[in-house]
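I opened this entry to keep track of what I looked up, going from the cysteines to the sheet and then to the helices around it.

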Amino acid sequence: MCGIIGYIGKRQASPILLDGLRRLEYRGYDSAGMALFGAGHQLELVKRAGRIETLRKAVSDLNPQGTSGISHTRWATHGAPTDENAHPHQDSSGKLVLVHNGVIENYQPLRDHLIEEGHVFESQTDTEVLAHLIGRFFDASDEADGEKRLIAAVQAGLAKVKGTYGIAAMHVDVPDVIVGARLGSPLVVGLGKGEHFLASDVSALVAHTRDVVYLNDYDIVTLSDGGYTVTSHEGRPASVTISRVDFTEDDADIGEFPHYMLKEIYEQPASLQNALRGRLSRDEATAVLGGLNMTPQELRNVDRIILSGCGTAFHAAMVGEYLMESMARIPTEVEIASEFRYRNVPTDKGTLQFVISQSGETIDTLAALREAKRKGMRCLGVVNNVASTIARESDGGVYIHAGPEVGVAATKTFTSQVAVLTLLGLLFGRIHHLSSVDGLEMIDALEAIPDQIREILKQADKIKAIAEKHANAEGMLFMGRQLNYPVALEGALKMKEISYIYASGHPSAELKHGVIALVKPDMPSVFIAPDDAVFDKNVSNIEEVRARKGPVIAVTTVGRTELERITDDVIYVPECPTFLAPLLTVIPLQLLSYYTAVARGCDVDKPRNLAKSVTVE
């Protein structure tokens, strides 16, 4: 959610920090700030509520100098978005500065105790409590070596807190050192020549280096321009693996598109091809997914599957449930990851769990993974970030290879997740009962999907016109059946995320069980009604809405022109097998939400109150 970028080296730090913050904007934020250390151990602190551009202007006006520093974009948890609550925060001496992602759950009793000792707080944040706590340990130490003293203070301070954190700390008395630590909130070290970086996401680093070290929970890193060390929270040396980032600065740039979301919608033919590449075997008429780390016999012994995710990943999991049960006939259930960890879900040795997350750092999904492993379940990940915590802690899994997704509203990662779940359905189906002929037909249909999406994208202008017609709607209803019910949920989520129009998704048949009470002339209904076994049922539901003067937008298969007589607008998708329909029917809904948000003047890539990666509970 919040973003961290730190730099230590020979160059002026402020341009590097500001550029890093810009690249972290997609994570969501409401204020930003930086602390710089210059000649003579001088500390320069600048922080502002609002967008990074506001901070950039303040930095330009003040022209602070320094070759090391830390910076932050804040997504408010404790305290309103104000200059005072923005990071970095200082300790009581004003010498220590700290930025923090996460939540300190026991900050109030710690704050009360520090106030009793005479500490005065300038903000309402939990982070300032941690800064005061670490500063207190630093001031009480008699260690002569400043670096060791700062590390020990960080260790002592973190030992007192409960919650999650990714932090970076600096001190006026040790201006050539940055100390970072993580527990539940990601941090990555960027390795340069005569300079080093610390960030919450590699996207902030790729302009400067592609050699990185992903920190594990309880790691503490110490950075200087000459090197870095990683230890455990107890001070023991930690194992370190240097990784190579698999995307470039250009991959994360917006190019000629007005918004990242639109760019990523148009990237879906390529991202789907990447998700499928090398994973389809015509010889065996099945999917090849070696990353599962399971033998064919182990796969055959799976008699129950649990799919967990949050938000868009949860909707992809719902599609996966239909796929797994219809293609492989394995009982499958979907769990919202945030609920799974608090439930006592019955499991046995034949249960296999998949956790689905774009970032691989979603705190609730990570907790679901750990709960499943705690119960002895084999747990596999479906993630986009190769070096993420979920990827490292799971027993195996499948990378979706969608490339960087900067827009807060997920688009290409949804279709890539569904594609991977389709591959899993094919794999398990072939192990059980699908014939080779069935398998080859599925492979043919999958390989055709990218070009079919390109055909849908050609209708962008038509969809834009539909969006502009309904941009002032009071709300929207999204309806679908079977595999397209999750698509309805996803379409509604996209609409409310970026246009701020209230939208809800429902199974079409539930219309008469209460939802129909909402139907009225300024409440459009979007029906996902492809040519499938329940097409006629959807037609009946559309008629029910039309009888009550509700506008209807239909997404259907090419050739089903009869819907033009009973709807206001029809968007056509190419013909495909029923099990692949979600990969096509979701594309018009993504474009519809995008163009609606643009027509309403919304900030598409940075919707209010939202963050790309949810790393706090």
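**Cysteines.** I count a disulfide as a pair of cysteine sulfur atoms within 2.5 Å. The model I am reading is a predicted one, and with that cut-off I find 0 disulfides in it. I then looked at Cys379, which takes part in no disulfide, the nearest cysteine sulfur being that of Cys310, 13 Å away. Is Cys379 buried or exposed? I note it as buried, because its relative accessible area is 0% and the cut-off for buried is under 20%. For Cys576 I looked up a relative accessibility of 22%, and I therefore entered Cys576 as partly exposed.

**The sheet.** Next I followed the strands, and I wrote down an open sheet of 5 strands in the order 18-17-19-20-21, with parallel pairing. Which strands stand at the edges? They are strand 18 (332-336) and strand 21, and each has a single partner strand, so that one side of each is left without a neighbour in the sheet. Neighbouring strands in this sheet are turned against each other by 20° on average, with direction ignored.

I took strand 20 (residues 378-383) as my reference, and I noted that it is mostly covered, with 5 of its 6 residues buried. On one side I traced its parallel pairing with strand 19 (residues 351-357), which runs over 6 bridges, and within this pair I found Leu352 opposite Arg378 of strand 20. I also traced the parallel pairing of strand 20 with strand 21 (residues 397-399), which runs over 3 bridges; here the partner of Val383 is Tyr399 in strand 21.

**Helix 11.** I then asked what joins the neighbouring strands, and I recorded that strand 19, helix 11 (residues 363-374) and strand 20 form a right-handed β-α-β unit. How far does helix 11 reach from its first C-alpha to its last? For its 12 residues I have 16 Å, close to the 16 Å expected at 1.5 Å a residue. Helix 11 lies across strand 17, strand 19 and strand 20, and it runs at about 165° to strand 19.

I checked the cover of helix 11 as well, and I found it mostly covered, with 9 of its 12 residues buried; among them are Ile363, Leu366, Leu369 and Ala372, and also Asp364 and Glu371. The buried residues of this helix pack against strand 7 (163-171), strand 17 (304-309), helix 10 (337-340), strand 19, strand 20 and helix 12 (389-393). Just after the end of helix 11 I marked Gly376, which takes a positive phi of about 85°.

**Helix 13.** I looked next at helix 13 (residues 412-432), which packs on the sheet and touches strand 17, strand 19, strand 20 and strand 21, while its direction makes about 160° with that of strand 19. Helix 13 has 21 residues and reaches 30 Å from its first C-alpha to its last, close to the 30 Å expected at 1.5 Å a residue. Because 19 of the 21 residues of helix 13 are buried, I describe it as largely enclosed by the rest of the structure.

**Arg279 and Thr286.** I looked up Arg279 in the loop between helix 7 (268-276) and strand 15 (280-281), and I entered it as buried because its relative accessible area is 11%. Which residues is Arg279 in contact with, leaving aside its neighbours within four places in sequence? I listed Thr286, Ala287, Val288, Leu289, Val398, Tyr399, His401, Val420 and Leu423. Val345 is 66 residues from Arg279 in sequence, and I read 32 Å between them in space, C-alpha to C-alpha.

I turned to Thr286, which lies in strand 16 (residues 286-287) and is buried, with a relative accessible area of 8%. Beyond its neighbours within four places in sequence, Thr286 has contacts that include Arg279, Leu426, Leu427, Arg430 and Ile443.

**A second β-α-β unit.** Last, I recorded that strand 22, helix 16 (residues 484-499) and strand 23 make a right-handed β-α-β unit. Strand 22 (residues 475-480) pairs with strand 23 (residues 502-507) in the parallel sense over 6 bridges, and I noted Tyr502 in strand 23 as the bridge partner of Gly475.

Notes
Residues are numbered from 1 along each chain as its sequence is written. This is a predicted model: local features need pLDDT of at least 70, side-chain atom pairs count only at pLDDT 80 or more; totals for chains, interfaces and linings use all residues. Side-chain values use heavy atoms; hydrogens and water are left out. Buried means under 20% relative accessible area, exposed over 50%, partly exposed in between (1.4 Å probe, protein chains only). Helices (H or I, at least four residues) and strands (E, at least two) are DSSP runs, numbered from the N terminus. Two strands pair if DSSP finds at least two bridges between them. A crossover is right-handed if, with the strands pointing away from the viewer, the path from the first strand over the helix to the second runs clockwise. Contact means heavy atoms within 4.5 Å. The expected span of a helix is 1.5 Å times one less than its number of residues. Axes are lines fitted to C-alpha atoms, for helices over the stretch in contact, and angles run from 0 to 180 degrees between N-to-C directions.
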